[in-house]
Amino acid sequence: MIHITGGYVIEPKTRFEGYCDILIQDEKIAAMAERGTPLSELGVTRPEEVEHIDAAGQIIAPGLVDVHVHFRDPGFTYKEDIESGAAAAAKGGFTSVVLMANTKPSVDNPETLSYVLEKGKTTGIHIHTCANVTVGMKGRELVDMEGLSRSGAAGFTDDGIPILSEAVLREALQRAAKLHKPVSLHEEDPAYITNNGIHAGKAAEHFGIGGSKREAEIRMVERDIRIALEEGADLSVQHISTKEAVELVRQAKKKSAHIWAEAAPHHFTLTEEAAVAHGTLAKMNPPLREEADRMAVIKGLQDGTIDMIATDHAPHSAEEKAKPLTEAPSGIIGLETALSLGIRELVMPDYLTVMELMEKMSLAPARLYRLDAGYLAVGGPADLVIFDKDARWRVEKDGFASKAANSPFIGEEMPGVIHYTICGGKVAYRAE
């Protein structure tokens, strides 16, 4: 058993916040009681067997949920593997993650799906994974969505590659709707991209390359929302980056509750100026765009247009990121800085409350993927994060639990120190 005392609870499902002591037994929350309630009143007969955690001055919230991560396993484990990715997640306060399926082999078959899920069970956090939408992520032939759903796929995505065929996407959404599973889409039309990962604006001009035009995202979001509305399927617009796409989602949400969107911390924190300053360490798909786009993403988070924050944690080796800009892979790691960036960029400037941030980082993503997560309740899962939102830490290159260190935030001081991540009633991460 674990007894957490003195902390300030933020609970997004019921919107409760206040001081509360929490007793954890086995994998569940056994009690949430008034601060200072004796263990004997909570039914504890062997107090010597209870681990005590003093959370005075800290926030207790549901374990964070990230529905867009890349753990590179199988096939690219020199970048990351399921164990190291889970360690990074736990250090970042995440107790549940949903893996993307662009591995090698890709998750388009039951064997690879089983490999990922079974390996995930050994990590100490909840590992879920999407399956692919199309065989080999080639955009032509649909996977056995029904069979993969029965085998445990949380949803479907070809993240990393857009689904260009309207007919293929329509059928996928029809089948996903019957399965009550979401389809999460990478929205970049290659027809509008010369060199991906860099915005076709000041950054592309600085590097003398073509870059990715904003129309690449706008056109795909426009088309995919239209099809999803027609089919009544749960569609999630991944890592939204343009003001126009945010507005398309805003208007679609007025017509249907089946349209979802996620924002990555880097898109509400940085602009293309960071790509100029950091080069490949700020190269990502979709790219960092303009200040008006960054503010549109923040506004979308404020008014509920954007449901959730998802990191798109994308580890790469130092050797890969050291390549020339047009050759280096896109993506940055994000699990260990996400909560801090949410506090610094959204809470401190009063764009969101801590309650609203916790909803975006736990409850809402859990709802999309129908996970039993993102809330605190007696009888509910004992998945929690305990953190001090005002304490400071510095992002160090050699301080990541991830195998990778491809982050433009190295050297920066961040608010929000995570002291404990508890998953399934066990301590998955404890600050030194």
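Helices are DSSP runs of H or I of at least four residues, and strands are runs of E of at least two, both numbered from the N terminus. In this predicted model, proline 105 accordingly has its place in the loop between β9 and α2. The peptide bond that leads into proline 105 from lysine 104 is cis, with omega near 0°. A second cis bond joins aspartate 73 to proline 74, here with omega near 15°. Proline 74 belongs to the loop between β8 (64-69) and α1.

The loop that holds proline 74 leads to helix α1, which spans residues 82-91. Aspartate 81 caps the N-terminal end of α1, with a side-chain oxygen 3.1 Å from the backbone nitrogen of glutamate 83. Just after the helix, glycine 93 adopts a positive phi of about 95°. Helix α1 is mostly covered, since 7 of its 10 residues are buried. These are Ile82, Ser84, Gly85, Ala86, Ala88, Ala89 and Ala90. The elements that cover them include β9 (94-99), α2 (110-120) and β10 (126-129), together with β17 and β18.

Strand β17, which helps to cover α1, is itself enclosed. Of its 11 residues (413-423), 9 are buried, so the strand is largely enclosed by the rest of the structure. Strand β16 (residues 384-394) runs antiparallel to β17 and is joined to it by 8 bridges. Within this pairing, tryptophan 393 stands opposite methionine 414 of β17. Strand β17 also pairs with β18 (residues 426-430), again in the antiparallel sense, over 4 bridges. Here tyrosine 420 has arginine 430 of β18 opposite. The hairpin of β17 and β18 has 2 residues between the strands, and glycine 424 takes a positive phi near 60° in it.

Two open sheets may be considered next. One has 4 strands in the order β5-β4-β1-β6, with mixed pairing. Its edge strands are β5 (28-33) and β6 (51-54), each of which pairs on one side only. Neighbouring strands in this sheet are turned against each other by 20° on average, direction ignored. Strand β4 (residues 21-25) and β5 run antiparallel and are joined by 5 bridges. Leucine 23 has alanine 31 in β5 as its bridge partner.

The other sheet is built from 5 strands in the order β11-β12-β13-β14-β15, and its pairing is parallel. Strands β11 (156-157) and β15 (308-309) stand at the edges with a single partner strand each, so one side of each is left without a neighbour in the sheet. Strand β14 (residues 259-263) pairs with β15 in the parallel sense over 2 bridges. The bridge partner of glutamate 262 in β15 is methionine 308. Helix α4 (residues 166-179) packs on this sheet and touches β11, β12 (183-185) and β13, its direction making about 145° with that of β12. Helix α7 also packs on the sheet, in contact with β13 and β14, and its direction makes about 150° with that of β14.

Within this sheet, strand β13 (residues 235-237) contains serine 236. Because its relative accessibility is 0%, serine 236 counts as buried. Leaving aside residues up to four places away in sequence, serine 236 touches Val183, Ser184, Leu185, Trp260, Glu262, Met308 and Leu368.

Helix α7 (residues 243-253) also packs against helix α6 (residues 215-231), at an angle of about 15° and with the axes 9 Å apart. Angles under 35 degrees count as roughly parallel, and α6 and α7 are therefore roughly parallel to each other. Their crossing is right-handed. From α6, the residues Glu217, Ile218, Val221, Glu222, Ile225 and Leu229 meet Glu244, Ala245, Leu248, Val249 and Ala252 of α7.

Two further loop residues deserve attention for their backbone conformation. Most residues other than glycine have a negative phi. Arginine 15, however, has a phi near 65°. Arginine 15 lies in the loop between β2 (8-11) and β3 (16-19), and at 42% relative accessibility it counts as partly exposed. Aspartate 350 likewise has a positive phi, of about 70°, although it is not a glycine. The loop between α12 (338-347) and α13 (354-368) holds aspartate 350, which counts as exposed at 65% relative accessibility.

Conventions
Residues are numbered from 1 along each chain as its sequence is written. This is a predicted model: local features need pLDDT of at least 70, side-chain atom pairs count only at pLDDT 80 or more; totals for chains, interfaces and linings use all residues. Side-chain values use heavy atoms; hydrogens and water are left out. Buried means under 20% relative accessible area, exposed over 50%, partly exposed in between (1.4 Å probe, protein chains only). Two strands pair if DSSP finds at least two bridges between them. Contact means heavy atoms within 4.5 Å. A polar contact is a pair of N or O atoms within 3.5 Å; within protein, one must be able to donate a hydrogen and the other to accept it, and residues adjacent in sequence count only if both atoms are side-chain atoms. Axes are lines fitted to C-alpha atoms, for helices over the stretch in contact, and angles run from 0 to 180 degrees between N-to-C directions. Angles under 35 degrees count as roughly parallel, over 145 as roughly antiparallel, 65 to 115 as roughly perpendicular and the rest as oblique. A crossing is left-handed if the near helix is turned anticlockwise from the far one by less than a right angle, and right-handed if clockwise.
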